[in-house]
Amino acid sequence: IKNMSTLEQKLQKLEEATAASQTILAEKQTKLSAASDALDAAKSKLKALSPEAQQTLQVNDTELPELISAKMLAQEEYDEAKSRYETNEKYLTIFRAKVSGGK
């Protein structure tokens, strides 16, 4: 019975970690969406310029490099958070099966 309580404690910790990782994943999804939207808006703004203005414009004169970097960083953070959440979810399923199977 002591062993079961240890399993249940591990299950509770894993449930908490999974819930926390799900919250972080949602935050990273929001950040990624915002970064994507900002990049798309900047691209649209540039496309709306006259062809002459587009030809004389240098990429470094725009905010594109920063926006591209921000989106890449947001994508990396989202991918890491998603991986962490999926791993926690997988182990949570395994632990739940152990706990309920042992009763």
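Helices (H or I, at least four residues) and strands (E, at least two) are DSSP runs, numbered from the N terminus. With that in hand, this predicted model reads α-α-α along the sequence, with three helices and zero strands. Residues are numbered from 1 along each chain as its sequence is written. Because the model is predicted, local features need pLDDT of at least 70 and side-chain atom pairs count only at pLDDT 80 or more, while totals for chains, interfaces and linings use all residues; side-chain values use heavy atoms, without hydrogens or water.

Let's start with the overall form. The C-alpha trace spans about 80 × 15 × 15 Å along its principal axes. Of the 103 residues, 23% count as buried (under 20% relative accessible area, with a 1.4 Å probe and protein chains only).

Now for the inside. The largest nonpolar core (buried Ala, Val, Leu, Ile, Met, Phe, Trp, Tyr and Cys residues joined through side-chain atoms within 4.5 Å) has seven residues: Leu-25, Leu-32, Ala-35, Ala-74, Tyr-78, Ala-81 and Tyr-85. Helix H1 (2–47) and helix H3 (64–102) each supply at least two of them, and H3 gives the largest share, four residues. A second, separate core of six residues includes Leu-14, Leu-92, Phe-95 and Val-99.

Two lysines have their charged ends over rings (NZ of Lys or CZ of Arg within 6 Å of the ring centre and within 35 degrees of the ring normal), as tabulated here.

| Charged residue | Ring | Distance to ring centre |
|---|---|---|
| Lys-90 | Tyr-91 | 5.5 Å |
| Lys-98 | Phe-95 | 5.7 Å |

Technical notes
Buried < 20%, exposed > 50% of the residue type's maximum accessible area, 1.4 Å probe, protein only.
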